[in-house]
Amino acid sequence: MEKKMRFGIKSKIIIGYLIVIVCLFIAFIVLNSQISSLQKERNFIIDHDIEVHDLTNRIEKHLLDMETGQRGYIITGEASYLEPYNSAASSWEKDYNALYQLLNNNPNQQEKLEKIKGSIQDWIEAAGEPTIALKKENNTKELQQFFEKDPGRQYMDDIRSQFTSFRNVEKKSTETRATELDEKNQKIKIGLYGLLLFVTLISLAIAIVLSNSIVNTIKEVTQTIKRITASKGELKGRIKVRSNDEIKDLGIATNALLENIEERNWLQTNIAHAVTMYQGIASVDKLAEKFLFTVSEMTGASFGAFYVREENDKGDLFVKQAAFADRKGDAGRESFLIGEGLIGQAALEKRTLVVNDVPDTYQLIASGLGDVKPKSIFIVPVLFEDEVIAVIELASLHEFTVLEQELISQVIETFGLTINGVIRRMEIARLLKESQAMTEELQAQSEELQTQSEELQMQSEELRMINEQLEERTKDAEEKSFELEAAKEDLEEKAHQLELNSQYKSEFLANMSHELRTPLNSILILSEMLEENSAKTLSEDEEEYARIIHSSGKDLLALINDILDLSKVESGKLDVLLAEMNMSELPDQIERNFSHVAEQKKVQLKINKAQDVPNIIHTDEKRFQQIVKNLLSNAFKFTESGSVTVSIQRVADHRLTTAMRTVDTDCWLEIAVADTGIGIPKEKHQLIFEAFQQADGATVRKYGGTGLGLSICSEFAKLLGGWISLSSEVGKGSTFTLYLPSLSNGLVDYEKVNFAYEEVAVSIEEAEPEAEITEIDHPVQPVEPSLPDDENVFQDKRVLIVDDDQRNIFALKTALAKQGMTIMTAHNGIECLEMMKNSEPFDLILMDIMMPQMDGYEAMQKIRGELKLVDLPIIALTAKAMKNDREKCLEAGASDYISKPLDLNQLFSVMRVWLVN
């Protein structure tokens, strides 16, 4: 049909707008000149006045930074506080010069600026630089005198006052300019109102004309919309427009809107229905069944399965909780992993999958008349906090429409929260039952505490009476104080006697060590040779006897070493040699030394080393190793089954106590040795750290030991600036924790950190301690170079044994003769020198130290000095094993040093090294 020529709404509106625009354009031209003038004045205020205030604030900030940096450096001494001071000192003059140039049209303000500059410079010269210089010189006394007067404060007050006056002047100047600008603005406003009235009248006239041309057509559309509204939500009606203008387009768009609203209403109604059906459901399987039934009813789905995520050893597993139209439980797989199949891929990618081209092998939908192949599959993951917690798969005999897909997607958006809530409620219900049981138990304990409280009240009354008695005794004590003064003098005299006794004790222990080690040396060497039974002349029982003798000798040696170590610690004569220790090798050392013990006892050995443990620390490695070995030996000794765990970590900064922070150290280490052994009662915690003490007599009888191990460990830890704490529970095991600082700056006074033990012990969970530990001092084996076969090294070598004990001579001579060596013996240093002068040269000398007539020290000095045998290997053998014995032997001329009783493997290793060299 031919279109009618008409004047459309668009054209009418455009013409009307053009008229209004022309009027506005004319008004714009009239007002443009006035607005330009206002703009220039406004820009001047913005660019000039704001810049002045900004530069003023920046200068004040620089001055504040200088003052803060100066005071921070003086208080802390940290050079970092001088960085803001120096930065501000170099920047404030730049801002001052810029501000001075900006005020070139205001001499009065420039004069004030000059005064401010002078005050700042006076503060720098009088308070800033002098105090920093005094702090750098560490002249605390003059600093204190300076701040008692504190002239810098007056300078600062003057500067702030000057800045306040300066800003007040600038503020008044700004207000004056603003007032002038307001007057001009008022004039422009009046003109603008007049033009606005003129344009309004023209616009109203145009609007009346246009509205009359449009109203008649719109009335028809309005009547149609009213009829739809009167139908109370029925949206089936549609707008019909006969005109051929924009109103027709409005009718078409309104009809499309009605169709969209109708779909939205259907969507919102079903979403609301789905949400309300969740209420009151307390289990996941019931929720899944209800959801599948409701969604299938809304979308027309004929088949469905609901999977919920569960965690197991293989990872996240999705298990079927419910199914719709299930045929004997075969609706879908029972479970699947993430990424397994389409449903697993949907869970992995967290996205919805719609498959309309369903393969022939897919699960058929069963009905009463037969099985039907579905036409569409809809798989949707359910998310909670961006994690997939469930997956739903639906199948339908028709393709899922976009509206149905949108319905399910919107329902799923909040369904994850519902599933998580149900799971949480189930968990809360379980925890509630446990909580009720615990509440009943706590109630019983509360009644016990009430009874104890009444007992404590009675005890408090008794303490009050005791306090009154103590006050009376205090008076008696004051009378006895005079008597104590006299007793003090007696104690000082006895202290002198104790010092002499300590000296006699040390000498006695040295002689005892020699007298015990000398026969013990022969016992160990000969028993080891008998144990080897190289000639095969002994029976199995006799070999066992030899092993028992050798083992008992080693136990006796360990006891001697423990007693000597304890004596050295108590007398303050134990040397601590600080050096670098490689912590990265510690786990391997523990593994080498104790893995065989763990295998023998069938106990698991675990070693955990934290990443933040430094590779190098400074401590006495020998004492450190002895502590760790003793603690581990103790753990294996009292652990019949389970595990022994060694944890090595750095003590975090927030765990450091005030006392620990006072120690000059790079870091604190925490080495914990935990076992699953017998444990120790709480009342025995302090007892087992005392010498010759164990948890109880039964422990001694069952496990053996002297009760020295923990006492020695505790004293060694104190010497190294640390301590050992204990957490234990009877029947569950014990944890010994060694706290040790890295002493890169030398030893610390233990008295200064002694209270740290108590402070840290309070924060450690109380448990019951283990029984005592004992540990044999393991000698460090020398590192052997690549050497030839033993027979080639020892064969036909001439060795001189110098010893006054025939038992040692016999044991050594027998052992060395088996290696093919030629043995000569001497009973003291004099015989040794005579034999060396009158016989063929020897390849090596084994020299005892304590001998009659001439001891080993003097003999070695004469060999090196008088006989000029500088290169002859001399290995010193001593049973004294006291302080500085090794250094004294090497100084006297010994090539190497071995303490008795001897370990044949160690002796052969040392001899092999020197014979090859």
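At what angle do helix H20 and helix H21 pack, and how many Å apart are their axes?

## H20 and H21

This is a predicted model, so keep that in mind throughout. In it, helix H20 (residues 856-865) packs against helix H21 (residues 885-892) at an angle of about 30°, and their axes are 8 Å apart. Angles under 35 degrees count as roughly parallel, and that makes H20 roughly parallel to H21.

Who touches whom here? On the H20 side, look for Tyr857, Met860 and Gln861; they meet Asp885, Lys888, Cys889 and Ala892 in H21. Sort the residues of this contact by type and you get 4 nonpolar, 1 polar and 2 charged.

## H2 and H3

Now slide back along the chain to helix H2 (residues 82-102), which packs with H3 at an angle of about 165°, the two axes being 12 Å apart. Since angles over 145 degrees count as roughly antiparallel, H2 and H3 are therefore roughly antiparallel to each other. H2 passes H3 in a left-handed crossing.

From H2, the contact takes in Leu82, Tyr85, Trp92, Glu93, Tyr96, Leu99 and Tyr100. Their partners in H3 are Gln110, Leu113, Glu114, Lys117, Ile120, Gln121, Trp123, Ile124, Gly128, Glu129, Ile132 and Lys136. The residues of this contact of H2 with H3 split into 11 nonpolar, 3 polar and 5 charged.

## The largest cavity

The structure holds 2 cavities of 30 Å³ or more. The largest cavity has a volume of about 40 Å³. Its lining is made of Glu67, Gln70, Arg71, Trp123, Ala127, Phe146, Phe147, Asp150, Gly152, Arg153 and Met156. You've already met Trp123: that residue of H3 is also part of the contact with H2.

Which helices build this lining, with at least two residues each? They are helix H1 (9-76), helix H3 (107-136), helix H4 (140-149) and helix H5 (151-230). By type, the lining of the largest cavity comes out as 5 nonpolar, 2 polar and 4 charged residues.

## The second largest cavity

The second largest cavity offers about 30 Å³ of space. Two elements give two or more residues to its lining: helix H11 (586-601) and helix H12 (621-637). H11 makes the largest share of that lining, with 5 residues.

Here's the list to click through: Leu586, Gln589, Ile590, Asn593, Phe594, Gln625, Val628, Lys629 and Leu632 line the second largest cavity. Going by type, these lining residues are 5 nonpolar, 3 polar and 1 charged.

## H11 and H12

What about the two helices themselves? The axes of H11 and H12 come within 11 Å and cross at roughly 25°. With that angle, H11 and H12 are therefore roughly parallel to each other. Their crossing is right-handed.

On the H11 side, the contact is made by Leu586, Gln589, Ile590, Asn593, Phe594, Val597, Ala598 and Lys601. H12 brings Glu621, Phe624, Gln625, Val628, Lys629, Leu632, Ser633, Phe636 and Lys637. Counted by type, the residues of the contact of H11 with H12 are 9 nonpolar, 4 polar and 4 charged. Several names turn up in both places: Leu586, Phe594 and Val628, for instance, belong to this contact and also line the second largest cavity.

## A stop at Glu543

One last residue to click on is Glu543, which is found in helix H10 (residues 540-571). Which residues does Glu543 touch, leaving aside those up to four places away in sequence? They are Asn533 and Leu538.

Glu528 is another reference point: Glu543 and Glu528 are 15 residues apart in sequence, and their C-alpha atoms are 9.7 Å apart in space.

Methods:
Residues are numbered from 1 along each chain as its sequence is written. This is a predicted model: local features need pLDDT of at least 70, side-chain atom pairs count only at pLDDT 80 or more; totals for chains, interfaces and linings use all residues. Side-chain values use heavy atoms; hydrogens and water are left out. On a 1 Å grid over the protein atoms alone, a cavity is a set of points where a 1.4 Å probe fits but cannot get out, and a pocket is an open set with protein on both sides within 12 Å along at least five of seven lines; lining residues have an atom within 4 Å of a point. Grid points are joined across faces, edges and corners, and a volume is the space filled by probe spheres set on the points. Helices (H or I, at least four residues) and strands (E, at least two) are DSSP runs, numbered from the N terminus. Ala, Val, Leu, Ile, Met, Phe, Trp, Tyr, Cys and Pro count as nonpolar, Asp, Glu, Lys and Arg as charged, and the others, Gly among them, as polar. Axes are lines fitted to C-alpha atoms, for helices over the stretch in contact, and angles run from 0 to 180 degrees between N-to-C directions. Angles under 35 degrees count as roughly parallel, over 145 as roughly antiparallel, 65 to 115 as roughly perpendicular and the rest as oblique. A crossing is left-handed if the near helix is turned anticlockwise from the far one by less than a right angle, and right-handed if clockwise. Contact means heavy atoms within 4.5 Å.
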